[in-house]
2 protein chains.
Amino acid sequence: MFGQMMNQPLLISSLLVHAERHHGTREIVTRRVEGDIHRYTYRDLARRARKMANALHALGIEGSQRIGTLAWNTYRHMELYYGASGAGMVLHTLNPRLHPDQLVWIADNAGDQAIFFDLTFLPLIEATATRYATVKHFVLMADRDRMPRDSTIPNLHCYEDLVEAASDRFDWPQFDENMASSLCYTSGTTGNPKGVLYSHRSTVLHAYASVAPDALNLSSRDAILPVVPMFHVNAWGLPYAACMVGAKVVFPGAALDGPALYDLFEAEGVTVSAGVPTVWQGLLAHTETNGLSFSSMRRTVIGGSACPPVMIKTFEEKYNVQVLHAWGMTEMSPLGTVCTLKGGQETLTDAEKFAIQTKQGRAIFGVDMKIVDADGKELPWDGKTSGELLVRGPWILDSYFNRHGEDALRYDSAGLGWFPTGDVSTIDPDGFMQITDRTKDVIKSGGEWISSIDLENIAMAHPGVAMAACIAAHHPKWDERPLLVVMRKPGSEVTKDEILAFFDGKIAKWWLPDDVVFVDAIPLGATGKMQKNKLRDTFKDYKLPTA
Amino acid sequence: MFGQMMNQPLLISSLLVHAERHHGTREIVTRRVEGDIHRYTYRDLARRARKMANALHALGIEGSQRIGTLAWNTYRHMELYYGASGAGMVLHTLNPRLHPDQLVWIADNAGDQAIFFDLTFLPLIEATATRYATVKHFVLMADRDRMPRDSTIPNLHCYEDLVEAASDRFDWPQFDENMASSLCYTSGTTGNPKGVLYSHRSTVLHAYASVAPDALNLSSRDAILPVVPMFHVNAWGLPYAACMVGAKVVFPGAALDGPALYDLFEAEGVTVSAGVPTVWQGLLAHTETNGLSFSSMRRTVIGGSACPPVMIKTFEEKYNVQVLHAWGMTEMSPLGTVCTLKGGQETLTDAEKFAIQTKQGRAIFGVDMKIVDADGKELPWDGKTSGELLVRGPWILDSYFNRHGEDALRYDSAGLGWFPTGDVSTIDPDGFMQITDRTKDVIKSGGEWISSIDLENIAMAHPGVAMAACIAAHHPKWDERPLLVVMRKPGSEVTKDEILAFFDGKIAKWWLPDDVVFVDAIPLGATGKMQKNKLRDTFKDYKLPTA
């Protein structure tokens with residue numbers, strides 16, 4: 001027997017309709033790529049998103065065809081988020097930090113019909129425009145006076161021309177909520193990138209889960225500044241969550257340096273932000289150097305890679321900004337866990353609370369997780385045993401784009417599918433998960449595992465260390481032993497012996513790195529994560545002094 | 001093109017599985033009908049719910065068959081919420097405050113296969129047991145030593161016997177999320193009661209929407225005491241929301257008087273509660289008489305009928321308890337609107353904020369609403385124009401149980417269905433809705449509408465008035481004129497003239513009631529609402545002095 005409730009699909013357009021009807025006058029502020037500050041309201045966003053939906057149809061795009069974007073966090077990108085997905089097309093956010101060859105490969109693999117791009121990326125498009133197999137239109141997301149006079153780009157349009165020419169009357173179509181809405185490729189470190197194809201259902205459910213008090217705790221009273229790019233897992237879903245609650249949105253455009261971000265935080269009364277640790281390093285360097293404080297910021301979401309404990313302490317103790325340590329993946333829309341205290345933990349000591357906060361947190365409702373050993377057997381939640389982390393939930397992928405045949409899941413005895421994250425973690429008795437490593441980064445010393453992340457976190461707490469990466473180096477007796485690669489802070493002259501001494505009492509003796517090497521820079525990937533595979537290449541023949 | 005996300009249905013059992021895995025040690029505390037305090041954890045709840053699922057199958061109940069309950073808010077009722085719905089059966093909560101004839105009619109209409117009942121209702125079941133057409137089993141929700149020795153009830157079982165005999169191994173079945181989960185009849189004041197058949201999907205989506213910071217703001221750190229009965233629209237969904245966030249739950253059982261509730265609030269550190277205004281009158285009478293304060297309560301949800309402004313003021317100013325004024329209906333699962341401030345309103349004066357709080361609030365995400373005139377034309381959101389309130393959303397019914405042919409909706413020009421609530425309201429430019437009346441209660445004076453609720457709220461702010469109802473009395477010239485029916489506070493000798501003078505300056509002159517009559521009691525319905533239809537009957541031939 002079926003229930004007798006309204007059959008109303010969970011569609012991305014319903015988020016925009018809600019924001020327009022119930023939060024129409026709330027502001028969306030952008031530091032434009034053009035340089036100035038732009039402000040308008042949800043009502044304006046909705047009107048221009050409808051125009052964009054008409055404009056996309058006018059370009060001949062239809063059905064579930066893909067529309068690529070190469071764009072920063074701006075109101076125009078937001079219009080495409082809603083205009084394209086709302087009309088039933090698939091928004092494909094391209095990562096401009098990738099190599100041009102990879103970019104072309106991804107756009108071709110996705111079958112993009114058009115590429116919308118910011119001024120910043122005009123040279124990149126100039127250089128690659130003739131190489132895309134399926135792209136029929138290029139749209140520069142800028143005012144008309146910024147259009148290049150002589151461009152070799154074929155079928156180049158001005159975004160504002162398209163908007164101006166289109167009608168603002170458009171009825172958002174109603175369709176199956178399982179239809180595809182958006183596409184994002186993982187910045188895979190091995191093999192070709194793989195696409196994750198989100199649905200309207202997964203996007204709306206993810207937004208519901210993310211605004212909860214135990215997750216990102218978002219309300220209409222918030223002003224959200226997503227530093228995490230809209231080309232990186234949909235800015236962790238914030239453009240959707242913002243419409244759901246009617247929060248003010250502040251987009252930083254292309255200016256992601258510490259001073260630019262800080263000015264925007266203060267000028268627009270930002271209450272909550274989100275980004276990867278490396279971004280916050282730039283911001284904190286700026287505030288520390290200039291003796292600044294935050295007047296409206298109440299909390300910041302930190303994810304993408306493990307947040308160094310010292311950063312949590314700085315934000316919370318020095319700046320009174322709550323850190324929401326979070327974990328997720330492109331394959332997970334992305335949110336899986338957020339670190340917020342549970343009932344009963346309010347009375348813990350500050351040190352005990354801090355120990356919890358260094359973990360990536362507990363599963364938000366919708367996500368389930370478990371850790372397993374090499375045979376797939378579930379491991380205990382004791383906070384000590386580490387195993388491969390598997391997850392499941394309605395906003396977690398079951399197969400990659402265009403790879404229906406290759407199921408990405410592992411099935412348990414009850415027939416339920418679980419996605420293997422590639423992360424190694426512990427889970428404590430209260431359900432707080434802590435990433436200890438990536439399955440490919442963990443250092444296997446004499447059959448035992450050493451967490452590269454633990455060693456990096458300790459090293460990065462040393463005042464002379466700017467960044468540290470720990471990789472496995474070959475050892476004739478132990479197979480692998482830890483090699484610590486360190487980038488010093490400017491002016492620091494910290495030595496190998498000082499760093500090794502710094503580990504004293506903080507780890508088991510046999511975890512101590514066998515050697516420390518200093519480098520000028522540690523390579524970062526397109527999403528700001530350390531590229532340990534490159535370091536492994538560099539040091540693949542490194543001979544440890546202990547060998 | 002479909003998205004490539006996991007196909008995972010939104011099932012009520014998934015709420016319990018989450019609570020068990022991620023909040024297993026969190027407490028559920030009950031003041032039992034037996035009289036003592038019972039405490040256990042979500043892990044215990046999950047174990048006994050699985051046993052109950054097996055026990056229901058052992059009784060021969062299967063598929064989507066209905067299981068009736070006549071029960072207070074207790075852990076056993078919660079076990080049935082999850083055990084029955086989780087196993088795919090339909091939990092049918094019966095309202096014990098109804099007349100026995102109506103109860104039998106409803107159980108027959110629902111086709112209940114079993115009735116589970118609390119000790120309190122043993123006499124009621126003794127008196128009616130042989131009259132149910134479809135009921136095959138009666139289960140007394142009590143310990144074995146409370147079972148009656150000689151009972152005329154056929155097939156009478158002891159709840160604890162069923163639990164003890166059943167295995168605690170049960171795999172929650174996975175099925176279509178649109179399957180029916182639970183059934184609740186409206187306490188219709190005219191005609192036969194009508195059933196609202198909720199689905200697993202509607203229940204889980206409602207829970208997602210209700211925990212958001214702009215709605216009930218529920219987290220794992222809360223201790224929730226639902227005063228609103230579990231037989232009244234699923235205690236406003238709190239038994240589901242609690243599992244979603246892993247909050248502590250405190251069930252008051254049968255003791256809903258002020259002193260009993262107050263003691264439980266204090267003893268168990270309750271942070272949030274929910275109930276109808278009449279319940280809070282009893283509680284506030286107790287705290288005021290005894291000079292008590294609340295040490296842990298942070299907020300309370302008030303709905304079911306409009307909250308008298310004076311009650312909001314008392315809770316907030318005297319007791320520092322935030323009032324979440326809310327509105328919904330049985331047909332809406334029930335939440336439609338909650339009154340929380342929007343961004344930008346934090347800086348309003350206390351008086352301005354208070355004016356907002358007297359409204360029923362703004363739509364939570366998922367619900368859309370509009371007001372229409374007699375021709376169905378949408379009316380402006382100006383805070384003044386009132387019209388019939390229509391709603392839509394995935395947890396709002398589209399037809400009543402067993403009445404598939406009779407569509408309960410009205411369709412707009414875009415083909416979207418809207419449920420006519422029977423309420424009359426205004427909506428202000430910020431989207432805050434205020435109920436001004438029921439379509440059947442509004443007083444039509446010379447073609448203009450007078451809000452009976454506005455007049456009642458003013459009257460109830462008079463210190464000598466315990467309760468006031470305003471109904472239409474016949475008038476030869478104006479068709480209808482307001483008649484105010486007043487129940488004085490004990491010891492009060494307030495007069496008609498004093499009450500009428502109290503309206504001075506608070507309303508338009510022509511809204512002033514034409515007469516005031518005093519009664520010993522105002523009849524309340526099964527859900528604590530004033531039964532104005534009974535008053536209309538009593539005063540149907542009343543001759544106004546102005547006539």
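The paragraphs below lead from the arrangement of two chains to a pair of helices and then to single residues. The model is predicted, and every value given here is computed from it.

A good place to begin is the relation between chain A and chain B. When chain B is turned by 180°, with 0.0 Å of shift along the rotation axis, the turn superposes chain B on chain A with an RMSD of 0.1 Å. This is the relation of a two-fold axis. If you look for the part of chain B that comes nearest to this axis, judged by C-alpha atoms, you arrive at Ala212(B), whose C-alpha is 2.4 Å from the axis. The contact between the chains can be described in a similar way: 100% of the interface residues of chain B are also interface residues in chain A, and therefore the copies meet through the same surface.

Within chain B, consider next how two helices pack. Helix H2(B) covers residues 42–58 and helix H3(B) covers residues 75–86, and their axes come within 8 Å of each other while crossing at roughly 60°. Because of that angle, H2(B) is oblique to H3(B), and the crossing is right-handed. On the H2(B) side the residues that take part are Leu45(B), Arg48(B), Ala49(B), Met52(B), Ala53(B) and Leu56(B), and among those they meet in H3(B) are Tyr75(B), Met78(B), Leu80(B) and Tyr82(B). Sorted by character, the residues of this contact comprise ten nonpolar, one polar and three charged.

From helices we turn to a strand residue of chain B. Ala274(B) is found in strand S12, which runs over residues 272–275 of chain B. With a relative accessibility of 1%, Ala274(B) counts as buried, since the cut-off for that word is under 20%. Which residues surround Ala274(B), if those up to four places away in sequence are not counted? Ala274(B) touches Leu225(B), Pro226(B), Val227(B), Val228(B), Trp236(B), Leu238(B), Trp280(B), Thr300(B) and Val301(B). One of these partners shows how the fold brings together parts of the sequence: Val301(B) is 27 residues from Ala274(B) along the chain, yet their C-alpha atoms are separated by 4.3 Å.

A helix residue of chain A can be set beside this example. Asn457(A) belongs to helix H14, residues 452–460 of chain A, and with a relative accessible area of 19% it is buried. Apart from neighbours within four places in sequence, Asn457(A) is in contact with Pro308(A) and Pro309(A).

The backbone deserves attention as well. In chain A, the peptide bond from Ser333(A) to Pro334(A) is cis, with omega near 10°, and Pro334(A) lies in the loop between strand S14 (322–328) and strand S15 (335–338) of that chain. In chain B, Ser333(B) and Pro334(B) are likewise joined by a cis peptide bond, with omega about 5°, and Pro334(B) lies in the loop between strands S14 and S15 of chain B.

Two further residues have a positive phi although they are not glycine. Is the first of them, Ala235(A), buried or exposed? Its phi is near 50°, it lies in helix H8 (residues 233–236) of chain A, and its relative accessible area of 0% means that Ala235(A) is buried. The other is Asn320(B), with phi near 60°, placed in the loop between helix H12 (309–319) and S14 of chain B. Asn320(B) has a relative accessible area of 64% and is therefore exposed.

Notes
Residues are numbered from 1 along each chain as its sequence is written. Chains are lettered from A and ligands numbered from 1 in the order in which they are written. This is a predicted model: local features need pLDDT of at least 70, side-chain atom pairs count only at pLDDT 80 or more; totals for chains, interfaces and linings use all residues. Side-chain values use heavy atoms; hydrogens and water are left out. Copies are superposed by least squares on the C-alpha atoms of residues with pLDDT of at least 70 in both. Contact means heavy atoms within 4.5 Å. Axes are lines fitted to C-alpha atoms, for helices over the stretch in contact, and angles run from 0 to 180 degrees between N-to-C directions. Helices (H or I, at least four residues) and strands (E, at least two) are DSSP runs, numbered from the N terminus. Angles under 35 degrees count as roughly parallel, over 145 as roughly antiparallel, 65 to 115 as roughly perpendicular and the rest as oblique. A crossing is left-handed if the near helix is turned anticlockwise from the far one by less than a right angle, and right-handed if clockwise. Ala, Val, Leu, Ile, Met, Phe, Trp, Tyr, Cys and Pro count as nonpolar, Asp, Glu, Lys and Arg as charged, and the others, Gly among them, as polar. Buried means under 20% relative accessible area, exposed over 50%, partly exposed in between (1.4 Å probe, protein chains only).
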